[in-house]
Amino acid sequence: MQASIVSALVPVFGVIFVGWLLRRSSLLPDDSWAPISRLAYLGLSPALLFSSISHADLSNIQLGSFILAAMLGFLGMAAITLALKPFLRIPDPTYTSLFQATCRWNGLLILALGIALFGDEGEILVALVMVVSIPLVNMECVAALSVWGDGAKPKWDSILYRILTNPLILGSAAGGIVNLGNIPLPGMVTDTVDLLGQAALPLILLSVGAGLNFTAMKARPRLLALSVFIKLMIGPLVFYGIGRALGVEGVPLTILLLTGASPGAASAYVLAKQMGGDAPYSAGDITASALFCFVTIPFWLWALG
């Protein structure tokens with residue numbers, strides 16, 4: 001089992017490392033990585049999710065308990081972070097970035113790991129978690145920023161519209177309609193979408209590596225250590241414990257474990273800049289959690305996977 005975990009993780013982390021090397025080489029200009037990341041996340045990933053969900057056999061998956069466990073996991077992380085607020089002597093905008101650090105996850109990175117470890121089953125399970133987590137986590141984070149952020153108060157109708165029209169949500173919804181409706185698609189169409197989806201993960205992993213910014217980790221190092229500990233050490237236990245309590249077993253339970261063990265997401269930095277959070281701290285957390293997850297994810301898979 002340990003050998004299979006290593007053989008699955010090394011290629012994924014290896015591509016991330018290549019992305020870090022490319023960012024520091026002269027092969028591509030620095031300003032090219034932002035559009036590459038945007039293309040991967042918003043242009044190609046919807047095709048990947050559509051392919052995953054439209055082709056999936058959902059009959060053997062405990063959808064109800066699995067999805068409920070995932071949603072309760074994200075709510076649990078939010079509750080833990082809210083409970084800590086009275087004990088943290090930090091500015092409110094910085095607290096919003098701590099909240100994002102502990103509540104957000106890098107779903108597409110975990111999708112790559114799910115595929116590497118469990119193939120099609122891992123792919124569809126992570127895709128399903130992404131479908132329910134995108135609206136839930138975004139609403140949690142926007143709510144925190146609206147209360148404690150320094151920016152203008154959000155327009156909730158605009159926020160809801162942006163969530164519902166998120167390309168990842170649209171791609172997943174279209175895949176679900178095709179799957180549940182048994183809608184036949186021409187082979188040329190499915191082959192084209194599948195090919196686009198196959199291009200998503202390499203670009204995503206390269207973008208994760210290119211986005212590592214070790215200088216940013218100097219911002220609030222003690223608080224950074226706290227948020228990384230909560231995210232990478234407490235988070236897996238929360239998701240795994242809820243899954244066990246709801247009777248989730250096997251591969252779905254391991255996917256819940258990976259969901260809790262995920263590093264932070266780059267969207268936390270973007271939202272912090274837009275709504276008055278602590279953007280430098282968010283940037284440091286994204287790098288630190290991505291760096292330390294290289295150790296913690298193998299540990300949790302060995303201990304509980």
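Biologist: Which helices each supply at least two residues of the lining of the largest pocket?

Modeller: Keep in mind that this is a predicted model. The lining draws on stretches from both early and late in the numbering, from α1 (2–24) to α13 (279–304). The helices that each give at least two residues are α1, α2, α5, α6, α7, α9, α12 and α13.

Biologist: And which helix gives the most to that lining of the largest pocket?

Modeller: The candidates include α2 (33–55), α5 (107–148) and α12 (267–275). The top contributor supplies eight residues, and that's α5.

Biologist: What volume does the largest pocket have?

Modeller: For the largest pocket, the computed figure is about 1,800 Å³. Of its 46 lining residues, the ones closest to the centre are Tyr41, Ala265, Ala266, Ser267 and Val270. By class, the lining splits into 14 polar, six charged and 26 nonpolar residues. So if you want just the volume, it's about 1,800 Å³.

Biologist: How many charged residues are in the lining of the second largest pocket?

Modeller: That pocket holds about 270 Å³ of space, and 15 residues line it. Nearest its centre are Ser51, Ser52, His55, Asp120 and Glu123, while α2, α5 and α8 (187–198) each put in at least two lining residues. Four of the lining residues are nonpolar and six are polar, and the charged ones number five.

Biologist: Where is Leu246 found?

Modeller: Leu246 joins Leu68, Leu72 and Leu75 in a nonpolar surface patch of about 290 Å². Patch members need over 30% relative accessible area, and Leu246 is partly exposed at 34%. As for its place in the chain, Leu246 sits in the loop between α10 (221–245) and α11 (250–260).

Biologist: How many salt bridges does a search of the whole structure find?

Modeller: One of them pairs Asp30 with Arg23, the closest N and O atoms being 3.3 Å apart. Another joins Asp92 and Lys85 at 3.1 Å, N to O. Arg220 and Asp278 also meet in one, at 3.2 Å. The search of the whole structure comes back with three.

Biologist: Is Asp278 buried or exposed?

Modeller: Asp278 forms its salt bridge with Arg220, and the pair links distant parts of the chain, 58 residues apart, with Arg220 in the loop between α9 and α10 and Asp278 in the loop between α12 and α13. Arg220 has 37% relative accessibility, so it counts as partly exposed. The cut-off for buried is under 20%; Asp278 has 13%, so it counts as buried.

Methods:
Residues numbered from 1 in each chain as written. Predicted model: local features only at pLDDT ≥ 70, side-chain atom pairs only at ≥ 80, totals over all residues. Heavy atoms only, no water. 1 Å grid on protein atoms, 1.4 Å probe; cavity = no way out; pocket = protein on both sides within 12 Å on 5 of 7 lines; lining within 4 Å. Helix = DSSP H or I, 4+ residues; strand = E, 2+ residues; numbered from the N terminus. Nonpolar A, V, L, I, M, F, W, Y, C, P; charged D, E, K, R; others polar. Patch = residues over 30% accessible without salt bridge, like charges linked within 9 Å, V, L, I, M, F, W, Y side chains within 5 Å. Areas by Shrake-Rupley, 256 points an atom, 1.4 Å probe, with all protein chains shown as cover. Salt bridge = Lys/Arg side-chain N within 4 Å of Asp/Glu carboxyl O. Buried < 20%, exposed > 50% of the residue type's maximum accessible area, 1.4 Å probe, protein only.
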